[in-house]
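The following exercises are to be worked with the sequence and the structure at hand. Each task is followed by a solution in steps.

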Amino acid sequence: MADITAIAKQFVEFYYKTFSGDRSSLLALYRDHSMLTWEGTPIQGAKSILEKLVNLPFGKVQHRITSLDAQPSSPSVASLLVSVNGNLVVDDSENAIPFSQVFQLIPDGGSYYVFNDIFRLNYG
Amino acid sequence: MSVSSASAPVPGSKAIAATALRNAGLIDRDAPMRDATDTPGGRKGKLRSGRTSARISDLTKDRPMSNGTRMHPIRLSASTGSSDSISIRGAARPSALGGRIRRNAVSGTGSVGSASQIPVRISTKPKAVEAWRELVQKRYNAEAKYLNLDSMIDDEVVKKYNLTPPGFGGNARDAAVIFKLASQLKPEVQTLSLANNNLTGVLLTQMHKYLPGLVNLSLQNNKLKEKREVSMISPRKEKMPNLRELVLTGNPLRENAIKNGQYAVYRSDVVRRFAALEVLDQEPVSQISFDAPHASTSDLPVEKPSATTFPFPMGPSFVAGIDGATFSDFLVRYFNALDSQRETLVNAYDPAATFSFSVNTTIPTRAKLSGFHTSMPNQRKLIWGDWLEVGSRNLNRIGSDPEKMLSNLHIGSDKIIETLVKLPRTNHDINGSGEKFCIDAYPVPHSGSMALLTTVHGEFTEPSTGGIRSFDRTFMLVPAPEGSRAKLNGWNVVILSDQWIIRCYSSHEAWKAGPLLVQALPKQEPFTINSLPADQQTALASLPEAQRNLVVQVCAQTKLNARFAVDCLAGNEWDLTRAIANFNQVKDSLAPDAFL
C-alpha cells in the first residue's frame with residue numbers, strides 16, 4: 001500500500017513536469033481508450049487528448065500541487081485513483097488558478113498509463 | 001456462448017443491465033425517501049436548453065427531445081421478452097417491433113418527390129440516381145418515418161437497373177447518393193435500417209452529414225470491424241446528437257469483442273461516440289450511455305474571458321452513463337446521511353472499500369480577492385485542527401511519514417464509518433443553487449462490467465461555527481450486488497473508493513460556468529465634486545448648488561474639466577442633456593487641456 005503513495009507521487013511529479021516542459025510528450029501517458037473530461041468536455045483517445053492539452057490557450061504553465069491523495073480504485077482490480085489539488089500558474093501570472101484533477105491509473109508492463117482523467121478549474 | 005443475438009450478452013453486462021432495469025423499476029421519483037425537489041444542486045452553469053442553472057434533479061426529469069417529442073415512435077429492437085416489466089426513466093423503452101419492421105417498410109411508397117430536385121455532384125450516372133430514388137422512396141414508410149434499406153442487393157429495383165449497392169461493389173459516393181436521397185424524404189427520416197448490406201465504416205462516413213437527425217439506426221449484420229469505423233459514423237465533433245438506438249449485432253466489432261471477453265469495453269467504446277445513445281444492440285444502456293444533451297460545452301452561452309480572467313472559461317457538469325434517478329437518489333441519500341446519520345453510511349460502502357480525506361489549507365485566489373475571510377465573520381471561526389487530528393492524508397504534506405500515510409487510508413466499511421463519525425459535522429445544502437456544486441461522472445470498465453467514476457465539487461457548512469468550506473470528492477461506484485448489505489438496505493449503488501478533499505471556501509458562485517476572475521476588478525468610486533482637483537473644487541464653490549451639481553455630472557460623464565464643463569452647460573442653457581449632446585458633437589476638436 002505504501003507503494004501506491006510512491007507511485008502517485010512519482011506519477012504526479014512526472015506528469016506536471018512534462019506538462020510544463022514538452023506537453024506533447026504526454027502522449028505516451030494516454031492510450032486510445034483513455035478518456036479526459038476537461039471542464040466538462042469529454043475527449044477520448046490519446047491523440048485527441050493530446051491535441052486538447054497542446055492547444056490550451058496558454059504558453060508557459062506550472063502546476064503547484066497543494067494536496068495529493070491516492071487509493072486503489074477498487075478492492076479487486078489493479079488500478080489507482082489519484083486526486084490532486086493545485087495551483088496553475090500560467091505565463092508567469094501572479095494570480096494562480098486553483099485546479100482539481102483526478103487520474104485513474106492502470107498498470108501496464110512496468111509502468112502506468114492514464115485511463116481516465118478529470119480536470120476542473122477550481123474555485124479560483 | 002451464443003453470439004448471434006443480443007439476447008445472449010455476456011453475463012457481466014447482463015447483470016448490470018438487469019440491475020439497471022430493476023433499479024429503474026424500483027425507484028420512484030416520488031417515493032417517500034425523497035421528493036423530486038429534494039435533490040442536490042447539481043450543476044454549475046447553463047445547460048444547452050437555456051435554463052439558467054441545472055440540478056441533479058433535472059436529470060431525473062423526463063428530458064424532452066429537441067423536437068419536443070419525448071420518445072421516438074419506432075424501435076429497432078426485437079423484444080427481449082421482458083419489456084413489459086421494464087422501464088428506464090429517461091431511457092428508451094425496449095419494444096417489440098422486430099417482426100413488423102419489414103411490413104411497415106414496404107408499405108411506405110406513397111411519397112413521390114419531384115424528380116429533378118437533386119443536384120447530385122457526384123459521378124454516379126443520372127439514371128442511377130433516379131433508380132436509387134425509386135428504391136429509397138419505395139422503401140420509406142413516411143408515417144413511421146422509417147427508411148428500411150435492409151438487404152439492398154436483393155431488391156428488385158437494384159436488379160432491374162443493375163445497380164451496385166454500397167458493400168456490393170458500390171463505393172462511398174454511391175452510399176452518399178443514397179443518404180442524400182434519404183435526406184430529401186418528407187417527413188424527415190427518424191429510423192434507418194441498413195441491415196445485411198456488407199457495409200464497412202468507410203461507406204458510412206457521409207451518413208451523419210445528410211441524416212444528422214437520425215434517432216434509430218440499425219447496422220445489423222454488416223462488416224464493421226474496427227472501433228474507428230464507429231467514429232466514421234459519428235465523428236467526434238459532430239456526434240449524431242439525436243441517436244438513441246443503435247444496433248451493431250452481427251458485426252465483427254461486436255462479435256469479436258464478445259469472443260475476447262471485451263464486451264463491456266466494446267459497449268463503453270461505442271457509447272462514448274454518441275451523445276445520447278440509450279439502447280445499444282437491443283440492450284438499454286442507461287448504465288453506460290451518455291446521458292446528457294450537454295455532452296460538450298462548446299456552444300454554451302457563457303461570457304468570454306477578459307483580461308482579468310483566466311483564458312479558459314469554466315464549463316458545466318458532465319454526467320453520463322447513469323440513470324439520472326439512480327444517481328440523484330444516491331447523491332441525495334449519501335449527503336443527507338453524511339450530514340445527519342453518518343453511521344448509517346456503513347451500508348453505502350463495499351465491505352472492502354477504501355476511504356481517505358485530505359485537507360488543503362491553501363486560501364484560493366478568488367476568495368482572497370473577494371475578501372471572504374474578513375467579510376464573512378463565521379469564516380474566521382473555522383479551525384482546521386478538528387479535521388487534522390483525525391488524520392489528513394495529504395501526501396503532499398506528510399510524505400516523510402509512511403506509517404501515518406498508511407494509517408490514514410481507511411479500509412473496510414466499518415473502519416470508514418469509525419473515521420467519518422470523528423470528523424466535524426457538515427451540512428451540504430444540496431437543494432441550493434446549482435452554482436454551488438459541480439459533478440463529473442461517467443462510466444469506466446471495471447472488472448468485466450462497468451463502474452461510475454464520479455467527482456463532486458461543492459461546499460458545506462460546519463454547523464458548529466456556521467463557516468463554509470469547499471470540497472472535492474471522488475467516488476468509484478458500482479451497482480450494488482444482489483443480496484449485498486448495501487442492496488438490502490436500499491442502496492442501488494455501492495462505493496468502492498472515496499477520496500475527500502476539504503479546503504478553504506472559495507466563492508458563492510464557485511461553479512458558475514463562465515470566466516474565472518483572477519484579478520481584482522478596478523474599483524469604481526462614484527464621481528463627486530471631491531473627485532475634481534482642489535483648485536477646480538474651489539472655482540465651483542461660487543456657483544449655486546443646482547448648477548454645481550450639473551457641472552459635476554458633466555465632468556463625470558465627459559471627463560471635461562470644471563471650466564469647460566461650465567462653458568458647455570452655459571452654452572446650452574444649463575440643460576444637461578443638450579450639454580452632453582453638444583459635447584459629443586465637438587469632443588474630437590477639443591484640446592487635451594479641456595479634460596481632467
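**Exercise 1.** How many of the 13 residues of strand 13 (residues 467-479) of chain B are buried? Establish also how this strand is paired with strand 12 and strand 14 of chain B.

*Solution.* The model is a predicted one.

Step 1. A residue counts as buried if 20 or more other C-beta atoms lie within 10 Å of its own. In strand 13 of chain B, 12 of the 13 residues are buried, so the strand is largely enclosed by the rest of the structure.

Step 2. Strand 12 (residues 449-462) of chain B runs antiparallel to strand 13 of chain B, and 11 bridges join them. Phe460(B) stands opposite Arg469(B) of strand 13 of chain B. The two strands form a hairpin with 4 residues between them, and Gly466(B), in the turn, has a positive phi of about 80°.

Step 3. Strand 14 (residues 493-504) of chain B is likewise joined to strand 13 of chain B by 11 bridges, in antiparallel direction. The bridge partner of Asp472(B) in strand 14 of chain B is Ile501(B).

**Exercise 2.** Describe the surroundings of Ser356(B), and explain why it counts as buried.

*Solution.*

Step 1. Ser356(B) is placed in strand 9 (residues 349-360) of chain B.

Step 2. The threshold for a buried residue is 20 or more other C-beta atoms within 10 Å. Ser356(B) counts as buried because it has 25 C-beta neighbours inside 10 Å.

Step 3. Beyond its neighbours within four places in sequence, Ser356(B) is in contact with Asp69(A) and Gln71(A) of chain A. Its contacts in chain B are Arg393(B), Asn408(B), Leu409(B), His410(B) and Gln499(B).

Step 4. Ser497(B) lies 141 residues from Ser356(B) along the chain, yet their C-alpha atoms are separated by 8.8 Å.

**Exercise 3.** In what order do the 6 strands of the open sheet in chain A lie, and which of them stand at the edges?

*Solution.*

Step 1. Chain A has 2 helices and 6 strands, which follow one another along the sequence as α-β-β-α-β-β-β-β.

Step 2. In the open sheet the strand order is 2-1-6-5-4-3, with mixed pairing. Strand 2 (41-44) and strand 3 (61-72) of chain A are at the edges; each has a single partner strand, so one side of each is left without a neighbour in the sheet. On average, neighbouring strands of the sheet are turned by 20° against each other, direction ignored.

Step 3. A parallel pair is formed by strand 1 (residues 30-38) and strand 6 (residues 111-121) of chain A, joined by 5 bridges. Within this pair, Tyr30(A) has Val114(A) as its bridge partner.

Step 4. Helix 2 (residues 46-54) of chain A packs on the sheet and touches strand 1 and strand 2 of chain A. The direction of this helix makes about 40° with that of strand 1 of chain A.

**Exercise 4.** Which residues have the most contacts inside the largest nonpolar core?

*Solution.*

Step 1. In soluble globular proteins, nonpolar side chains tend to be buried together.

Step 2. The largest nonpolar core has 128 residues. Those with the most contacts inside it are Ala8(A), Val82(A), Leu243(B), Ala441(B), Ala451(B) and Val494(B).

Step 3. Residues up to four places away in sequence aside, Ala8(A) touches Leu68(A), Ala70(A), Leu80(A) and Val82(A), together with Leu395(B) of chain B.

Step 4. A second, separate core of 16 residues includes Leu532(B), Val552(B), Ala565(B) and Phe583(B).

**Exercise 5.** At what angle do helix 19 and helix 21 of chain B pack, and which residues make the contact?

*Solution.*

Step 1. Helix 19 (residues 545-558) and helix 21 (residues 576-586) of chain B pack at about 35°, and their axes are 11 Å apart. The crossing is right-handed.

Step 2. Helix 19 of chain B contributes Leu550(B), Gln553(B), Val554(B), Gln557(B) and Thr558(B). From helix 21 of chain B come Leu576(B), Ala579(B), Ile580(B) and Phe583(B).

Step 3. By class, this contact has 6 nonpolar, 3 polar and no charged residues.

Key. Residues are numbered from 1 along each chain as its sequence is written. Chains are lettered from A and ligands numbered from 1 in the order in which they are written. This is a predicted model: local features need pLDDT of at least 70, side-chain atom pairs count only at pLDDT 80 or more; totals for chains, interfaces and linings use all residues. Two residues are in contact if their C-beta atoms, placed from the backbone, lie within 7 Å. Two strands pair if DSSP finds at least two bridges between them. Axes are lines fitted to C-alpha atoms, for helices over the stretch in contact, and angles run from 0 to 180 degrees between N-to-C directions. A nonpolar core is a set of buried Ala, Val, Leu, Ile, Met, Phe, Trp, Tyr and Cys residues joined through C-beta atoms within 7 Å. A crossing is left-handed if the near helix is turned anticlockwise from the far one by less than a right angle, and right-handed if clockwise. Ala, Val, Leu, Ile, Met, Phe, Trp, Tyr, Cys and Pro count as nonpolar, Asp, Glu, Lys and Arg as charged, and the others, Gly among them, as polar.
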